[in-house]
Amino acid sequence: SRDRQTSSHLIMSTIYGSIPVKSFIYINVGVTVVTILVCYGLAVGFGHVPAWLPMISDCAVEPPEKYPFRIGIITGAVTLFGNVIIVYGAFPSFSLRKLSAVFGTVASLGLAIVGAVNEKEDNSVHTISAICFFLFYDIYMTIIAYNSPTDERISRASVINKRFFAFLGAALLIIAGIYGVLGQDKYGIQIAICEWGGVIGFEVFNLTFAFDLDGVSLDEISTGAPPRYDEIIKKKVQADAPVERKVPLY
């Protein structure tokens with residue numbers, strides 16, 4: 001409804017002001033990529049992993065690299081969830097957008113757990129969380145990619161990029177799974193290549209929305225605020241209302 005959209009706009013404006021969507025996406029991608037590269041450099045530099053080619057998670061096991069990895073990846077997961085909400089709110093024409101948001105949310109949670117629990121602390125939790133992240137985020141990408149032509153703000157080139165990286169993510173996930181069944185010890189480098197390629201694909205996919213939503217700020221995006229925010233909106237409207245001044249009578 002229009003009232004619900006107005007409420008959502010006011011909430012976004014109150015919380016985020018006029019932060020450009022592009023900047024938020026750049027922050028998400030930048031935090032994740034820089035974290036991985038810094039931890040890779042530290043792990044290689046301290047002799048904890050070989051330069052060619054460790055699993056990304058192997059760069060988060062020993063100190064000092066495990067500390068920035070934990071902070072950076074959890075932060076990246078939180079901002080990734082923000083990206084999911086942005087796409088949900090910015091493209092109401094997408095079919096299955098609620099379902100895609102569920103997949104994106106679960107993937108973000110999986111990534112956060114990957115950052116919080118390394119493979120040395122609990123390999124089962126870490127591995128399951130990593131699989132959830134890659135699997136559910138690729139499903140999320142696929143749903144979004146095949147809905148992209150329904151919005152005129154998304155160029156044909158952007159649609160092609162989204163579909164390519166969604167397909168690439170799925171292909172790399174399948175290949176990594178096959179190598180895993182054949183033997184992770186024997187095909188460790190091949191699995192690592194799939195992992196690095198998948199992460200790069202995810203980040204490029206996310207970057208496409210920075211161009212689709214260029215010039216849009218967070219307070220312009222409606223996410224369909226639930227009724228529990230009505231009181232917040234009421235207070236916001238009252239605070240913005242002009243004050244009636246009474247003129248004394250003589």
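1. Let me start with L96, which sits in the loop between α3 (66-90) and α4 (97-116). With a relative accessibility of 54%, L96 falls in the exposed class, because the cut-off for exposed is over 50%. L96 also belongs to a nonpolar surface patch, together with L99, V102 and V106. The patch comes to about 330 Å². Worth a look on the surface view.

2. Before going further, a word on confidence: this is a predicted model. The average pLDDT is 86 for the protein, and 82% of the residues reach at least 70. Two stretches stay under 50: residues 11-15 and residues 225-233. The model gives residues 11-15 nine contacts beyond four places in sequence, and residues 225-233 have ten of that kind. I'd leave those contacts alone, because predicted coordinates should not be read in detail where pLDDT is low.

3. Now the inside. The largest nonpolar core counts 56 residues. Which residues have the most contacts inside this core? They are V21, F91, F133, Y137, Y140, M141 and F205. As for the helices, α2 (21-45), α3, α4, α5 (123-147), α6 (156-183) and α7 (188-212) each put in at least two residues of the core.

4. F205 deserves its own point, being one of the residues with the most contacts inside the core. Setting aside neighbours within four places in sequence, F205 is in contact with Y140, M141, I144, A145, K162 and F165. Y140 and M141 are themselves on that list of core residues with the most contacts.

5. Next, S108 in helix α4. Is S108 buried or exposed? S108 is buried, since its relative accessibility is 4% and the cut-off for buried is under 20%. Not counting residues up to four places away in sequence, S108 touches A77, L80, F81 and V84. So a serine here has leucine, alanine, valine and phenylalanine for company.

6. On to charges: searching the whole structure turns up five salt bridges. One of them joins the side chains of K22 and D214, at 3.0 Å from N to O. This pair links distant parts of the chain, with K22 in helix α2 and D214 in the loop between α7 and α8 (230-240). The two are 192 residues apart. D214 counts as partly exposed, at 49% relative accessibility.

7. R70 and E121 make another salt bridge through their side chains, 2.9 Å from N to O. Because R70 lies in helix α3 and E121 in the loop between α4 and α5, the pair ties together parts that are 51 residues apart in sequence. R70 is partly exposed at 26% relative accessible area; E121 is partly exposed as well, at 45%.

8. The side chains of R153 and D151 also meet in a salt bridge, again 2.9 Å from N to O. Here the burial classes split: R153 is partly exposed at 36% relative accessibility, whereas D151 is buried at 9%.

9. Last, F211, placed in helix α7. Is this phenylalanine, F211, buried or exposed? F211 is exposed, because its relative accessible area is 59%. The C-alpha atoms of F211 and I25 are separated by 10.0 Å, although the two residues are 186 residues apart along the chain.

Methods
Residues are numbered from 1 along each chain as its sequence is written. This is a predicted model: local features need pLDDT of at least 70, side-chain atom pairs count only at pLDDT 80 or more; totals for chains, interfaces and linings use all residues. Side-chain values use heavy atoms; hydrogens and water are left out. pLDDT is the predictor's confidence in each residue, from 0 to 100. Contact means heavy atoms within 4.5 Å. Patches are made of residues with over 30% relative accessible area and no salt bridge: like charges are joined within 9 Å, nonpolar side chains (Val, Leu, Ile, Met, Phe, Trp, Tyr) within 5 Å. Accessible areas come from the Shrake-Rupley method with a 1.4 Å probe; for residues, only the protein chains shown count as cover. A salt bridge is a side-chain nitrogen of Lys or Arg within 4 Å of a carboxyl oxygen of Asp or Glu. Helices (H or I, at least four residues) and strands (E, at least two) are DSSP runs, numbered from the N terminus. Buried means under 20% relative accessible area, exposed over 50%, partly exposed in between (1.4 Å probe, protein chains only). A nonpolar core is a set of buried Ala, Val, Leu, Ile, Met, Phe, Trp, Tyr and Cys residues joined through side-chain atoms within 4.5 Å.
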